[in-house]
Amino acid sequence: MRIEQDVLKILLAALLLMAAIPWTAGKLSSDIFFEWPFFFEVAIGGLLAGVMYSLVALGFVLIFKASGVFNFSQGAMVLFSALTLVGLNELGVPIWLAIVFTLAIMVVLAVVIERVVLRPLVNQEHIILFMATIGITYFLDGFGQTLWGSEVKLLDLGIPNSPGLYFGGQILINDFDLVAALIAGILVISLAFFFQYTRIGRALRAVADDHQAALSIGIPLKHIWVIVWAVAGIVALVAGIMWGSKLGVQFSLALIALKALPVLILGGFTSVPGAIIGGLIIGAGEKLAEVFIAPMIGGGIEDWFAYMLALAFLVFRPQGLFGEKIIERV
Amino acid sequence: MHERKLGDVVLQAEGISLSFGAMRVLNNVSFDVHQGEIRSIIGPNGAGKSSMLNVINGVYHPQQGSITYRGETRQQMKVHQAAAQGIARTFQNIALFKGMSTLDNIMTGRNLKIKSNMLQQAVYWGKAQKEEIEHRRKVEEIIDFLEIQAIRKTPVGKLPYGMQKRVELGRALAAEPDLLLLDEPMAGMNVEEKEDMCRFVLDINDEFGTTIILIEHDMGVVMDLSDRVVVLDYGNQLADGPPDVVRSNQAVIDAYLGVSN
Amino acid sequence: MSSSPERTNASGTAELNTFPKLLLHHAQTRGAKIAMREKDLGIWQAWSWSQVLDEVRALACGLAALGFKAGDKLAIVGDNRPRLYMGMAAAQCLGGIPVPLYQDSVTKEMAFVIDNADVRYAVVEDQEQVDKLLEIREENPSIKHILFDDPRGLRHYDYPFLDSIDKGQEMGREYDQANPGFFEQSANSSDGGDIAIMLYTSGTTGNPKGVVLTYDNVIITARNGIIREGLTENEEVLAYLPMAWVGDNLFSYAQSLVAGFTVNCPESGATILTDLREIGPTYYFAPPRVYENMLTQVMIRMEDASRIKQHLFHYFMDLAKRVGTRILDNKEVSAGQKLLYKLGDFLIYGPLRDVLGLNRIRLAYTAGEAIGPEIFDFYRSLGINIKQLYGQTEGMVFICVQPDGEVYPDTVGTPAIDVEVKIHDSGEVLYRSPGVFHSYYKNPDATAATKTEDGWVFTGDAGYFAENGHLKIIDRAKDVGKLLDGTMFAPKYIENKLKFFSFIKEAVAFGNQREYTCIFVNIDLEAVGNWAERRNLAYSGYIDLADQDEVYELIQGCVDKVNEDLSHDPLLCKSQIRRFLVLHKELDADDGELTRTRKVRRSFIEERYAPLVEALYAGVPKCHIETQVKFEDGRTGMLAADVKIREAKQFTPVAKAS
Amino acid sequence: MLYREAGEFKATYQADQAILTIRQDRWFMLALMVIAFLVIPLISSEYWLGTIMLPFLILALAALGLNVLTGYAGQLSLGTGGFMATGAFAAYKLATSFPDLHIFLVILLAGGITAVAGLLFGIPSLRIKGFYLAVATLASQFFLIWMFNKFGWFTNYSASGVISAPPMAVIGDSYVTGPYATAEAKYLFVLSIVVLFALMTKNLVRSNIGREWMAVRDMDIAAEIIGIRMLPTKLKAFAYSSFLCGIAGALWAFVYTGSVEPLAFDVNRSFQILFMIIIGGLGSIMGAFLGAGFIVLLPIFLNNAPHWIGLNIHVDLISHIEFMVFGALIIFFLIVEPHGLARLWQLLKEKLRLWPFPY
């Protein structure tokens, strides 16, 4: 209970801060244009982008929760899945079939990773596994581009990409963002169900707490790893489709992973709700800061603002918003 | 054995209560430790013994009660404060620095006594080197004392369990502590290793006059070594007194000794 | 035999005829040179000759202050420690007599020597020895004062007659100041003919005897050894054998003081191998079992090496077997072989010598027992100049030495400088030399029985000179017996042949006045254990392992080979082993079955295991026995077992007895 | 096999605690130094010195810095590039603001300024650990690069955002930066600095501070209990690590490339250095050099290898394959030997010392 109260307080404070700073800034400086509808427009745009961050962060959380591995290659998986999808599509495979194929490929990839990378490294320190995922990142980046080329490709799913006016025509929101957020939301909810109400899902949660316990319910560790990596692969594909149709499928998709990291810090590595709320905060915060604060300090702060925001949180809650508190035993 | 003369009270735990969330770990525990004493804390698993040590050297901060150490009363110790004031300890689960050799582990135990600064150490000339040599000598005396010459340069990760325990004791000794907290130093040892360890504990107490607080499960060892014994059970203090008195205490027999029989 | 002309002017002058004088001489002529080192607190702490003199001086004066007089006996007990060696020198500086004791002897044994030798003072290593002496002192209050080296655990020992060596030296320095000239005067007062030291021989039967040796005995013999082998002041030796043993006294004390070379004391028993490698001695001495253990270790470790390494190792060891000793002895070897050997030296021999710490050795001796020819040749083929030595405490070690270039594994070489050797009609070896002892302490009968009026000493060993003029030792003379059919029976000879197999740790042969030869075998737990592990044989300990049929098969193979070997010997071909058993218990010095120097006490064993011996000759396949044993902590208990007995294969004699 | 150690005993603690305790190792090191300082400058082409040895040495220095922080003190950092950039820009500002300042001082001060930056970004390390910290260090990476890009002051308002090193000489006209500098002079200058700091780092890690770092790395709670204070210890690691990275950045900008833009120190640079210490060996001075050598040479090898076997592969494809090979190698090394080339070297040495025995 206490933890949730804390989180609520922090969230409230964050929102207030986000509103207060630009408001004050607008008051102080004539360079900055501040109006409430505009503020909300920016905030909502940010929140919708945040849902997409959440999607990538979710992939991290799944793997971390089930295997304790900080999977740095989540971004590379996003890129790889999107590249594969578009590549197959370009080869003449219909888009829905291409999606099915790509899904299958992501599952195969999960099996291969478990077999080639994770199994030999079982029982190694976490930091070693982390670095191994950096290796996977490089490999996948290289592999995907070797296979499908590195030029920017377009992915068109037919989702309208035009701004629409909402809330009485006051606020401008991109339809695509709405659709993407919707899909992401559905995925998140179904994952939550998967974890909460299926046998495998519960087993996965058990693994995160105690490997022995997981073994005792009869699921071999290697299967669990394959499952989480496959699920993470699917999440990556969804993220890849969303981001890919928004930005075009290109190398920069891999960098989205870097965006998801602050989300993780904020939400905690082990918390699905954390990934969602963290994503929203980062998404909104980043956009607001870019629009309202950046002009004061030279602009282009998107690159690091999310990190600084997360860092500021960390200093107060080292385990993230929803992460479990670590009691050190000696 | 010679006649034992115990000095003044060096440490006084007064009404210590500690809980983690809803879990009560220690409940109003009070006892004192005299200079030069070997003081044992016994009790079944989960009785709060290790937590008591953690309170004494500042890892855990009790919600109630106070610790008086060398005349200063504190609600809670800070970890480095405890170390700086001459409290050293070993751990129930070995907590050595696995990547380092026996020698380096014990050398690390002397970190508080090293005065040269980073620049001097980078140049490794003059004061820094002189200090290294001085402390190496001290550490060698400890190695000699614990009879671990043959494993001096072995990485501790490669050592058998009993030896690791010994190295850990060496690291604690390197600080030349006034008060030594030993958390099950003989757990998991064979008879021969236990005998060696008992001898070391007695010798440390004897040669250096170090006050020792000992947690141990082996009742034979406890009865042989200790001057006085505190008995804990689920965080509650059941008894406190000399070994033979404690042994015949009915509450203790019921809660603890009876169980182990 | 002929005396060498260099002897009289060897480093030497007539007046340097005692150790105190030699010590003063070294402190003066090579004062800054390192005399001793000890690995202590992680590094090799060193004492120069002048520092040694200072310490000896302080200690001697301290002893004097405590009332030590000329002629008093000073017991020295402990591991090889510089300050114990200094204790010896200090006693000698006062005209006293050091009596080193075996540090691992139990109180009872020690009490006998202390009483027998009239010991009044003792310099000991640590609490362990102090405790023993305190116990002895309760019975025998003649011990006036004890000084100890290591104060650990002795803080609360409150006795007026117990002090640390430091304290003793402190008193000594005061005494020295108060009595100027005392030390010089007393250090120079003894002469060559005076008693230098008393060494107790362990003796296979009865109580040990104190062998009294004069300075001339020790110093002339030591010097002759130095001359014969060309040793210099630059040698490094490792002092790791018991100080009470004459060998250690000669090599680590006497020769060091005569030649001025450096003695190194290891850190502890557990680190000897490391310390050996660190020091890399140039002059080395070890009884056969040390070489044996080392070889066993080499073989065990090589078992785990990669295939390529094993191939390399075996290939080059085969080569070494063929040409190694020949090259060492400067005999003719083809250029190709020589080149190949050089390659082997780079790849295998050199590294092996280095890892064993024997890389710098110029001269290594082995003595005390016969060494297995395989073992002996192994080291020689690696290029290590190891030689056999035949000696006795009574002759201050040197009787015969193998000369360079004439090393035959089955003989002990030719007489050392100034030593005459002859064979008595009974077959016993006799010698006469400058090292011949003064007397057995307080035992004129034994002295007279051993030493003739004109200085010949009965060695107690049976032997003969081979055609090449080298002495060959068969066995202890009194042990050499006859089978009922009159065939010569040399038990030790047979036992040694068995012990040359790494699987056999000890063997005891019976046969004197019996129909045929039978033996007890002790397996080597490490070697056989390893062998068993590689075959996946499970075993719980020595008793279990010794009883396994597979192990019996293994030992049978060894016994058969010995029999085959014996069948070639004209004298001993008929004493082939008929029946054998693997003893259920390891023979132990603590049970009196071995001497402290690990020689088997045959008659004692025969008595103790009488039922087994009976069973061997009764032809039964199995025998039940219960034995009382002493455990390490001093308790005693009973050990019961059913011991199996096997028959050995017999070979028809190859050579006819002449 | 090659070692002959019998008879090498230590009579003093100095000797026992020396960096190279085996005589043959000392010879080897001496030979290496002679080769590095005399032979290589004499026989190497300008191409080798300028495009291989210089980046190798400079990146090795950066790797050394990161290894102090990550390999010794156990604080995973992904911000190396940012600190190198700080060193580069600090050096540039110093050299242009104080034209008379000696090159050596410029570089040293640049390192000092970077150390201060490292100190600031190290502060969160007291509260946050492991991956959280790794991500936090990314923040410094992005923030610093953004800062140098954004504020003209750092580039003296150069339009392109590129900084160029003014010509500077060690003494007289032996220039080590700018157009007059010869490859040999640059090489020797960088080599001297790198050797000097490698030695200093070795001294640190074998002293008390090094043991404290390793203690914090191996078991921080035990370290604290024996009296090691977390914040100063970690901050010292951050400061010293960034000091070295700063110097490396300054050398990179001034001596190696001559002119540089902040993007040269982007997050990929950080990963490159991290790979060096993974492949080279965490917690090893030699590892930094081995890893740097490997990572510098591998692309050259990959770029040339197809030509040697007569293949003509497009540059893009090669760079993709390079990525794959890097990734695969990282995984390979982690699986085969998580402690990298330095450990392999160590094992080889142990084997040689024990030869012919296996243990």
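Reader: Which residues of helix 11 of chain A do A:P262, A:V263, A:L264, A:L266 and A:G267 in helix 10 of chain A meet?

Author: This is a predicted model, in which local features need pLDDT of at least 70, side-chain atom pairs count only at pLDDT 80 or more, and totals for chains, interfaces and linings use all residues. Residues are numbered from 1 along each chain as its sequence is written, while chains are lettered from A and ligands numbered from 1 in the order in which they are written. Helices (H or I, at least four residues) and strands (E, at least two) are DSSP runs numbered from the N terminus, and contact requires C-beta atoms, placed from the backbone, within 7 Å. The residues met in helix 11 of chain A are A:G274, A:A275, A:I277, A:G278, A:G279, A:I281 and A:I282.

Reader: Why are helix 10 and helix 11 of chain A classed as they are in orientation?

Author: Helix 10 (residues 256-267) and helix 11 (residues 272-297) of chain A have axes 8 Å apart and an angle of about 120 degrees; axes are fitted to C-alpha atoms, for helices over the stretch in contact, and angles run from 0 to 180 degrees between N-to-C directions. Angles under 35 degrees count as roughly parallel, over 145 as roughly antiparallel, 65 to 115 as roughly perpendicular and the rest as oblique. Helix 10 and helix 11 of chain A are therefore oblique.

Reader: Which strands of chain C stand at the edges of the sheet?

Author: The open sheet has three strands in the order 8-9-19, with antiparallel pairing (at least two DSSP bridges between two strands). Strand 8 and strand 9 (residues 209-214) of chain C share six bridges, and C:L199 has C:V211 as its bridge partner. Each edge strand has a single partner, so one side of it is left without a neighbour in the sheet; the edge strands of chain C are strand 8 (195-201) and strand 19 (439-440).

Reader: Which helix gives the largest share of the side of chain D that touches chain A?

Author: The contact joins 33 residues of chain D to 41 residues of chain A. Helix 6 (130-150), helix 11 (267-280) and helix 13 (315-336) of chain D each supply at least two residues. The largest share, 14 residues, comes from helix 13 of chain D.

Reader: How many Å separate the centres of domain 1 and domain 2 of chain B?

Author: An automatic or database assignment sets the bounds, giving domain 1 (1-86 + 177-261) and domain 2 (98-175) of chain B. Taken over C-alpha atoms, the separation of their centres is 27 Å.

Methods
Two residues are in contact if their C-beta atoms, placed from the backbone, lie within 7 Å.
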